[in-house]
Amino acid sequence: MDRNQEIALTQMRKSVEKLGSSTDSYGEKTLMRFLIARSMDPEKAAKMFCQWKKWRAEMVPLGYISDSEVADELAAEKLYLQGLSKSGHPIMIVKVNKHFPSKDQVQFKKFVIHLLDKTIASSFKGREIGNEKLIGILDLKNITYSNVDTRGLITGFQFLQAYYPERLATCYLLHMPQFFVTIWRFVCRFLEKATQEKMRIVMSEEEKEEFIREVGEDVLPEEYGGRAKLVLMQDVAVNY
């Protein structure tokens, strides 16, 4: 860590205290995520950190969302956890053709938290370091209009941006049908520049080869060009 980062961290800690909160029990790597997300501005990072703590206390009082709280969403068997990529990031796959817009928005928001928390937790054994990132794969193969959930997509990305800063390494979109292009353009209006830069729409053979190379054949399921089997998220055990 360079001198400027150390100074920014010290200023951020002081700003958090001024806002009536504390950074105790949070390491430098966790706090740095908030600073990076706010262009190394200590006051803005402190505000974001305090909002995150308040949100976690309200939405995740136990520190995690149990399977039973999101049973309806898990029953669709649309989410998979595949282990770690070549670069050490946990890989989450969403089969969008198994998803339908939720009538229970509270459960859906808890589901987003559950899938992000569990994916991150799957990347470490023991204690969290604080700077873990994830890879998301949205498989749009065989989707119809009934699977389109613009509100859900926006909610997911807004949660990532506001409450999981610097947690996304890359998000790959596979098999995007023509009718979804307009929908995706609309969703992108809600994405920060930093988030948009992490999006990869995989279309050409060259892009597919790069996708397989970056993620890794050992953990990528066979249907995506790898050698692994799909593993349902609820079949993966993690320690929060």
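A cavity, as the word is used here, is a set of grid points where a 1.4 Å probe fits but cannot get out. The structure under study is a predicted model, and the exercises below work through its empty spaces and its helix packing.

**Exercise 1. The enclosed space**

Determine how many cavities of 30 Å³ or more the structure holds, and describe the lining of the largest cavity.

*Solution.* Begin with the count: the structure holds 1 cavity of 30 Å³ or more. The volume of the largest cavity comes to about 490 Å³, and among the 27 residues that line this cavity, those closest to its centre are Val94, Leu138, Gly152, Leu153 and Gly156. Next, assign the lining to secondary structure: strand S2 (90-95), helix H5 (105-121), strand S3 (134-139), H6 and strand S4 (168-174) each contribute at least two residues to the lining of the largest cavity. Finally, sort the lining by class, which gives 20 nonpolar, 5 polar and 2 charged residues.

**Exercise 2. The open space**

Identify the helix that gives the most to the lining of the largest pocket, and state how the lining residues divide by class.

*Solution.* The largest pocket has a volume of about 740 Å³, and 25 residues line this pocket, with Tyr26, Trp52, Arg56, Glu128 and Arg167 the closest to its centre. At least two lining residues come from each of helix H2 (28-37), helix H3 (42-59) and H5, and H3 gives the most, with 4 residues. Sorting the lining of the largest pocket by class yields 11 nonpolar, 7 polar and 7 charged residues.

**Exercise 3. The packing of H2 against H3**

Classify the arrangement of H2 and H3 from the angle between them, and work out which residues meet.

*Solution.* The axes of H2 and H3 lie 8 Å apart, and the two helices pack at an angle of about 120°. Angles from 65 to 115 degrees count as roughly perpendicular and those over 145 as roughly antiparallel, and H2 and H3 are therefore oblique to each other. Their crossing is right-handed. On the H2 side the contact is formed by Leu31, Phe34, Leu35 and Ala37, which meet Pro42, Ala45, Met48, Phe49 and Trp52 in H3; by class, this contact has 9 nonpolar, no polar and no charged residues.

**Exercise 4. The packing of H3 against H6**

Find the angle at which H3 and H6 pack, and list the residues of H3 and H6 that meet.

*Solution.* H3 and H6 pack at an angle of about 120°, and their axes are 9 Å apart, which makes H3 oblique to H6. From H3, Met48, Gln51, Trp52 and Trp55 meet Phe159, Gln161, Ala162 and Tyr163 in H6, and the contact of H3 with H6 comprises 6 nonpolar, 2 polar and no charged residues. Met48 and Trp52 of H3 also appear in the contact with H2, and Trp52 is one of the residues closest to the centre of the largest pocket.

**Exercise 5. The packing of H6 against H7**

Establish the angle and the handedness with which H6 and H7 cross, and divide the contact residues by class.

*Solution.* Helix H6 (residues 150-163) packs against helix H7 (residues 178-188) at an angle of about 40°, with 10 Å between the axes, and that makes H6 oblique to H7. The crossing of H6 and H7 is right-handed. In H6, the residues Thr150, Leu153, Ile154 and Phe157 meet Phe180, Ile183, Trp184, Phe186 and Val187 in H7, a contact that divides into 8 nonpolar, 1 polar and no charged residues. Leu153 of H6 is also among the residues closest to the centre of the largest cavity.

Key: Residues numbered from 1 in each chain as written. Predicted model: local features only at pLDDT ≥ 70, side-chain atom pairs only at ≥ 80, totals over all residues. Heavy atoms only, no water. Axes fitted to C-alpha atoms, helices over the stretch in contact; angles between N-to-C directions. Parallel < 35°, antiparallel > 145°, perpendicular 65-115°, else oblique. Left-handed = near helix turned anticlockwise from the far one by under 90°. Contact = heavy atoms within 4.5 Å. Nonpolar A, V, L, I, M, F, W, Y, C, P; charged D, E, K, R; others polar. 1 Å grid on protein atoms, 1.4 Å probe; cavity = no way out; pocket = protein on both sides within 12 Å on 5 of 7 lines; lining within 4 Å. Points joined across faces, edges and corners; volume = space filled by probe spheres on them.
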